[in-house]
Amino acid sequence: MISAYSGTAVRAAERPLLDAGQGAELMQRAAHGLFSFCAALLKERRGRMYGASCVVLAGAGNNGADALYAGARLLKRGCATTAVRTSSSAHAEALSAFLAAGGRVLELSTDKTDEALQLCRAADLVLDGVLGTGGKGGLRGPAAHLAALAPARLRRGHAPAVVACDLPSGIDADTGQAPGPYLQADATVTFGAVKTGLVAGPGAEAAGHIEVVDIGITPYLGTPAVNRLLAPDIAALLPRPAAGDQKYSRGVLGIAAGSDTYPGAAVLATGAALATGTGMVRYLGPEPVRRLINQAHPEAVCSDSTVPLTHVQAWVAGPGAGTDEAQRRRAVDAMASGLPCVIDADALSAVEPGMGEQVILTPHAGELTALLNRLGEDTDRESIEADPLTWVRKAAALTGATVLLKGWATLVAAPGGPVFSQADATPWLATAGSGDTLSGILGAMLSTARKSSPHPGCYAAVAAAAASIHGRAGKLAAEQGPVQPSLLPEAIRRVISAMEQWRPGPGEAGIL
Ligand SMILES: NC(=O)C1=CN([C@@H]2O[C@H](COP(=O)(O)OP(=O)(O)OC[C@H]3O[C@@H](n4cnc5c(N)ncnc54)[C@H](O)[C@@H]3O)[C@@H](O)[C@H]2O)[C@@H](O)CC1
Ligand SMILES: Nc1ncnc2c1ncn2[C@@H]1O[C@H](COP(=O)(O)OP(=O)(O)O)[C@@H](O)[C@H]1O
Ligand SMILES: [K+]
């Protein structure tokens, strides 16, 4: 599992070491880690470091100093390196070290933006050390101008590798927000701990690959603000049927989805649930939808029963339900049942405060906007997309439910509890019907979860794992071309099968 901490928390964790006079040492550890990553990257791209050309974008603070020290090391290994200074002030020792190693300097001003971008474009590597955790309110002045032009100028033709020092400049270290232009990175080498700004909002995409350099502050970090599950964590959340199991002991999932208007969503959710593995799917809905489901999935058990009369271990309600009154009733009853339930799409309009964390809402940003507006919050889709971390937490607090906010990075927040961020998906999943398959995966996982004693945040963990499986299946399916949700079950089965290699051995603790 990757643990992320706000920039503010990481700065606080550095404090005892800074007070003990170890600031310079911390900086050298950071610079060395940054240099080592860049060295490996240059060797991989070019075969050798000698003769590479590099640009260090250096701001006024310690972030610029880290990058300048890394630049000095690159110079010593034969890389022609230029520092583009984005501020008239700089960390004096770091600049001296860079100059002493033979580095060139270009002072950035608005009329030098073209020259700086030319340098970057001709380089093998651009090190972004404009701003780190001390950045407030986004980039300003010539650095903002450069960042605004960079996407168009740097991504054409031969593109340099852009490595962010600690955090892509222009991204807020606490929230991942981008108040203005920012520098998109291929990789971010981050110091001490992953910052929440690297796993949420625009920052999650801007960061690229994340590499953590241990600088010795781990003992001073508290509880992580955001977690990211890795394959072994997900494998631990996927129960495997045992010799003594039968279909009922594995768990039964009830699905109240689809309507005469939108029958397909029910077929997609059911297919994804069956591919994830559950003892049985009991489908409740109108006759034409039942017929479709049984054509596609003969193993599903279909009826037009009610929620109270149906014995299951978890529910999925909402996908394709439209304005069907019976489906709405089932969604309300599922939420009141006390069983784990996935509330998606049309069922979200039935959500009220006081739900309980076993209720998992799965909105996209548009649906979350409608839900929050209905509960009296003044927000819009743009605000939620700009700062999803803040809004997903707020939604969980307001409803009392676990909230899974879909997107490039999917965020899951338990009310007052942990937040997860999974960025395992592909934009090829942004297609109609994709969300229906996610609800099926999550429903199946909830139905089979071994819940001896559910603890706070366990539903959020299962939801994060489901988002990851969905994302991985989407990526696998996308290898064959555009993702078609009705064909996703095959990829889901392959992803789940591949998870076996990560399963914890006997006696090894899973995360729950
Ligand atoms: N504090 C420590 O012990 C360590 C810090 N490290 C590095 O230090 C960084 C933080 O350093 P700093 O606190 O100096 O902060 P930064 O280097 O992030 O930026 C601070 C400087 O930028 C200016 N600034 C702030 N917001 C700006 C904006 N929006 N536009 C333009 N200029 C702006 C400030 O006036 C100040 O001069 C971390 O990200 C990390 O890279 C590492 O060296 C590891 C150790
Ligand atoms: N740009 C993107 N990159 C990666 N995944 C995405 C992107 N956009 C959407 N997704 C994923 O695709 C799915 C879309 O779900 P949703 O919008 O509910 O679809 P629908 O309602 O049509 O079924 C979600 O799992 C979401 O996380
Ligand atoms: K930076």
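Which residue in S7 is the bridge partner of Val-163?

1. This note concerns a predicted model, and the opening question is best taken up from the strand that holds Val-163. In S7, Ala-187 is the bridge partner of Val-163, and the two strands concerned, S6 and S7, run parallel and are joined by three bridges. On the side of strand S5, Val-163 in S6 stands opposite Leu-127, and here S5 (residues 125-129) and S6 (residues 161-165) are joined by four bridges, again with the strands running parallel. Strand S6 is mostly covered, since four of its five residues are classed as buried.

2. The sheet to which these strands belong is open and consists of seven strands with parallel pairing, in the order S4-S3-S2-S5-S6-S7-S9. Strand S4 (104-107) and strand S9 (209-213) are at the edges, and because each of them has a single partner strand, one side of each is left without a neighbour in the sheet. Averaged over the sheet and with direction ignored, neighbouring strands are turned by 20° against each other.

3. Helix H2 (residues 23-46) packs on this seven-stranded sheet, where it touches S5, S6, strand S7 (187-191) and S9, and the direction of H2 makes about 170° with that of S6.

4. Helix H5 (residues 113-122) deserves a separate point, as both of its sides can be described. Its buried residues are Thr-113, Ala-116, Leu-119 and Cys-120, and they lie on the same side of H5 because they cover an arc of only 125° around the axis. The face turned away from that buried side carries Asp-114, Gln-118 and Ala-122, which are exposed. As for what the buried residues of H5 pack against, the partners are strand S2 (53-58), strand S3 (80-85), S4, S5 and helix H6 (141-154).

5. There is also an open sheet of 12 strands with mixed pairing, whose order is S8-S1-S10-S19-S18-S17-S16-S15-S14-S11-S12-S13. Its edge strands, strand S8 (194-195) and strand S13 (301-303), each pair on one side only. Within this sheet, strand S16 (residues 359-361) and strand S17 (residues 402-405) run parallel and are joined by two bridges, and Leu-361 stands opposite Val-403 in S17.

6. Turning to the ligands, there are 27 residues around ligand 1, of which Gly-61, Asn-62, Asn-63, Gly-132 and Gly-134 come nearest. The elements that contribute two or more residues to this shell are helix H1 (7-19), H2 and helix H3 (62-76), and H2 is also the helix that packs on the seven-stranded sheet. Sorted by class, the shell around ligand 1 has 10 nonpolar, 12 polar and five charged residues.

7. Around ligand 2 there are 18 residues, and those that come nearest are Lys-406, Ala-425, Leu-429, Ala-430 and Gly-435. Helix H16 (residues 434-448) provides the largest share of this shell, namely four residues. By class, the shell around ligand 2 has eight nonpolar, eight polar and two charged residues.

Methods:
Residues are numbered from 1 along each chain as its sequence is written. Chains are lettered from A and ligands numbered from 1 in the order in which they are written. This is a predicted model: local features need pLDDT of at least 70, side-chain atom pairs count only at pLDDT 80 or more; totals for chains, interfaces and linings use all residues. Two strands pair if DSSP finds at least two bridges between them. Axes are lines fitted to C-alpha atoms, for helices over the stretch in contact, and angles run from 0 to 180 degrees between N-to-C directions. Two residues are in contact if their C-beta atoms, placed from the backbone, lie within 7 Å. A residue is buried if 20 or more other C-beta atoms lie within 10 Å of its own, exposed if 12 or fewer, and partly exposed in between; C-beta atoms are placed from the backbone. The arc is that of the directions from the helix axis to the C-beta atoms. A residue is near a molecule or strand if its C-beta atom, placed from the backbone, lies within 6 Å of it. Ala, Val, Leu, Ile, Met, Phe, Trp, Tyr, Cys and Pro count as nonpolar, Asp, Glu, Lys and Arg as charged, and the others, Gly among them, as polar.
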